[in-house]
Amino acid sequence: MNKLFSRIYLTILIILLYLPIFYLILFAFNKGNNMGVFQGFTLSHFQELFADKRLISIVINTFLIAILSSLFATIIGLGGALLIDSLKSKKAVNTYLSLNNILMVSPDVIIGSSFLILFTVLGFSLGFMSVLLSHIAFSIPIVVLMIIPRLKEMNRTMIDAAQDLGATNFQVFSKVTLPYLMPSILSGFFMAFTYSLDDFAVTFFVTGNGFETLSVEVYSRARQGVSLEINALSALIFIFSLIMIVIYYLLSVRSKKMIKNGKGRVV
Amino acid sequence: MRKRLFYVPYFLWIVLFVVIPLILIFMQSLTFDNGKSIFSNYQAFFSSGVYLKMTFNSFLFAFLITFFSLIISYPAAYFIANSKYDTFLILLIILPTWINLLLKAYAFIGIFSHDGSINYFLGLLGIAPQQLLFTNFSFIFVATYIEIPFMILPIYNSIKALDKTYIQASEDLGANKIQTFTKVVFPLTMNGVKTGIQTVFIPALSLFMLTRLIGGNRVITLGTAIEEHFLTTMNWSMGSTVGVILVFIMIAIILFTSKTKKNKVGVKNHE
């Protein structure tokens with residue numbers, strides 16, 4: 001009885017969680033022009049999508065920002081993880097970790113508005129660079145958090161052994177530390193990448209007029225109501241997300257980080 | 001020496017993108033005008049009925065969203081934790097969080113809109129189209145939908161971390177299922193509930209995209225107020241004031257829901 005109830009409860013919940021997503025994708029193939037009734041199968045919305053040059057350039061911009069920002073965030077975050085790891089006093093570690101986590105717990109509006117003030121004070125013009133810098137900035141903390149646990153688990157005798165065998169500091173880093181940290185660095189890179197792709201709020205604040213990412217574009221179109229071109233785009237993004245999830249799952253099978261953290265919000 | 005060089009960008013990031021923005025938003029919220037109090041924006045905020053009402057509404061919405069997601073999520077987390085296939089089920093629950101939030105919001109525009117699916121079905125039943133989108137109901141519904149996975153996850157983790165011998169002990173001592181749940185399981189999983197509340201309540205206070213797309217212009221939260229001050233009315237100084245107040249509310253929530261280290265079972269046993 002109890003088991004039956006729990007099964008029904010979970011089944012209904014999971015169906016409800018997925019229903020809107022599949023609904024969205026189904027209507028990407030709808031002949032009609034709204035999301036009311038399904039009037040027959042067509043691929044015309046996908047054709048429209050691929051013919052939309054503006055949208056394609058926005059997609060390219062979005063990926064360019066995501067790749068560049070996650071690359072820089074991973075390098076800077078790796079430095080940060082090593083910095084925090086090198087600290088001797090517990091108090092200093094905690095101070096750095098708290099500072100690191102501020103951007104993780106801050107609401108997006110706060111990050112967006114304070115970065116907007118920052119760029120204005122610095123006299124920075126809003127556009128590609130301001131978006132890129134913001135994305136690097138809000139992705140760094142997650143990279144640090146992904147690498148630190150792995151650094152903590154590291155067996156320090158490996159470094160001693162390398163040094164005893166005559167390795168220089170740089171060799172120790174590139175031949176011992178870096179390969180050992182690689183899985184966590186990849187997870188960090190991946191998280192930074194999805195952070196960047198998913199971000200709407202911060203980009204919305206710092207993007208100015210000329211430059212748009214996919215999220216900002218979907219938002220401004222969605223404010224005007226339903227257009228099935230967005231559905232077609234969603235279907236593609238959905239497939240892309242699935243691929244990303246599989247990649248991330250393969251990366252984290254051993255550590256099971258995804259189960260612990262879910263998507264991003266580490267509080 | 002070279003190692004130190006590698007630390008520099010991270011240090012610069014902390015200064016430039018963590019510390020300075022916080023200082024800037026605070027400075028922006030202050031008034032440096034002769035004859036006016038330095039805190040005049042804050043005085044305006046706390047003496048204006050409009051701002052106070054908005055803050056109150058924002059809290060009410062966030063409270064309702066957190067409440068509904070909690071009552072739906074706790075049983076779900078409990079059932080999942082007790083299932084044989086828990087790893088798979090929890091994966092199913094967190095998968096939707098990897099889909100862009102905007103797309104999920106957009107799906108609900110389709111479902112709730114005037115010529116959307118719900119109104120189509122109502123039409124089949126002979127009911128005239130209802131205004132579903134841009135209502136308080138639709139905003140709370142969609143926000144709850146989006147937050148549920150974030151609530152289930154920490155509760156699930158805390159139930160999994162629960163020492164099963166406590167439950168056996170409670171049953172051995174003659175407690176029935178309900179007593180075991182209310183006196184042992186629930187108090188011991190309080191940390192997960194608190195983390196869940198924290199992860200849901202703060203975004204619920206500050207979301208502005210969802211508010212605009214689903215709530216229309218009727219639902220105004222602290223988040224939408226900040227966005228409007230910064231990007232529409234260009235009143236950055238008042239926007240920063242609301243921002244600083246939001247930061248303080250956030251700190252208060254984090255302190256209020258921070259994990260308690262003491263084991264509460266010891267206390268409860270004396271009852």
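# A walk through chains A and B

Start by selecting B:Phe134, which sits in the loop between α6 (117-124) and α7 of chain B. Helices here are DSSP runs of H or I with at least four residues, strands are E runs of at least two, and both are numbered from the N terminus. B:Phe134 has a positive phi of about 60°, although it is not a glycine. It is partly exposed, with 18 other C-beta atoms within 10 Å. The scale behind that word: a residue with 20 or more other C-beta atoms within 10 Å of its own is buried, one with 12 or fewer is exposed, and anything in between is partly exposed, with C-beta atoms placed from the backbone.

Before moving on, a word on what's on your screen. This is a predicted model, where local features need pLDDT of at least 70 and side-chain atom pairs count only at pLDDT 80 or more, while totals for chains, interfaces and linings use all residues. Residues are numbered from 1 along each chain as its sequence is written, and chains are lettered from A and ligands numbered from 1 in the order in which they are written.

**Another loop in chain B**

Now click on B:Met234, in the loop between α12 (222-232) and α13 (236-256) of chain B. This residue also isn't a glycine, yet has a positive phi of about 60°. B:Met234 is exposed, with 9 other C-beta atoms within 10 Å.

**Chain A on its own**

Hide chain B for a moment. Chain A has twelve helices and zero strands. Its C-alpha atoms fill a box of roughly 75 × 65 × 30 Å, taken along the principal axes. Of the 267 residues in chain A, 40% are buried. Count two residues as in contact if their C-beta atoms, placed from the backbone, lie within 7 Å. Then, among contacts in chain A between residues at least 6 apart in sequence, 77% join residues at least 24 apart.

While you're here, pick A:Leu122 in helix α5 (residues 108-122) of chain A. It counts as exposed, because it has 10 C-beta neighbours inside 10 Å. Draw a distance from A:Leu122 to A:Ala92: the two are 30 residues apart in sequence and 30 Å apart in space, C-alpha to C-alpha.

**Where the chains meet**

Bring chain B back. The contact takes 73 residues from chain B and 61 residues from chain A. On the chain B side, the largest share comes from helix α1 (residues 2-29), with 16 residues. By class, that side of chain B has 50 nonpolar, 17 polar and six charged residues. The classes work like this: Ala, Val, Leu, Ile, Met, Phe, Trp, Tyr, Cys and Pro are nonpolar, Asp, Glu, Lys and Arg are charged, and the others, Gly among them, are polar.

Next, show helix α1 (residues 2-26) of chain A with helix α3 (residues 49-81) of chain B, which pack at an angle of about 115° with their axes 10 Å apart. Axes are lines fitted to C-alpha atoms, for helices over the stretch in contact, and angles run from 0 to 180 degrees between N-to-C directions. From chain A, A:Ser6, A:Tyr9, A:Leu10 and A:Leu13 make the contact, and from chain B, B:Pro75, B:Ala76, B:Phe79 and B:Ile80. Those residues divide into seven nonpolar, one polar and no charged.

Now swap to helix α10 (residues 214-223) of chain A and helix α5 (residues 101-112) of chain B, packed at an angle of about 15° with axes 10 Å apart. That makes α10(A) roughly parallel to α5(B), a label for angles under 35 degrees (over 145 is roughly antiparallel, 65 to 115 roughly perpendicular, and the rest oblique). Show A:Ser215, A:Val218, A:Tyr219 and A:Ala222 against B:Leu102, B:Tyr106 and B:Ile109 to see the contact. Here the split is six nonpolar, one polar and no charged.

**Last stops: a glycine and the core**

Stay on helix α5 of chain B and select B:Gly110. With 25 C-beta neighbours inside 10 Å, B:Gly110 counts as buried. Leaving aside neighbours within four places in sequence, B:Gly110 is in contact with A:Tyr23, A:Leu24, A:Phe27, A:Met35, A:Val226 and B:Gly116.

Finish with the largest nonpolar core, where, of 141 residues, B:Ala77, B:Ala105, B:Tyr106 and B:Met209 touch the most other members. Such a core is a set of buried Ala, Val, Leu, Ile, Met, Phe, Trp, Tyr and Cys residues joined through C-beta atoms within 7 Å. Helix α7 (residues 136-160) of chain B gives the most to this core, with 14 residues. Not counting residues up to four places away in sequence, B:Ala77 touches B:Ile152, B:Ile155, B:Tyr156 and B:Ile159.
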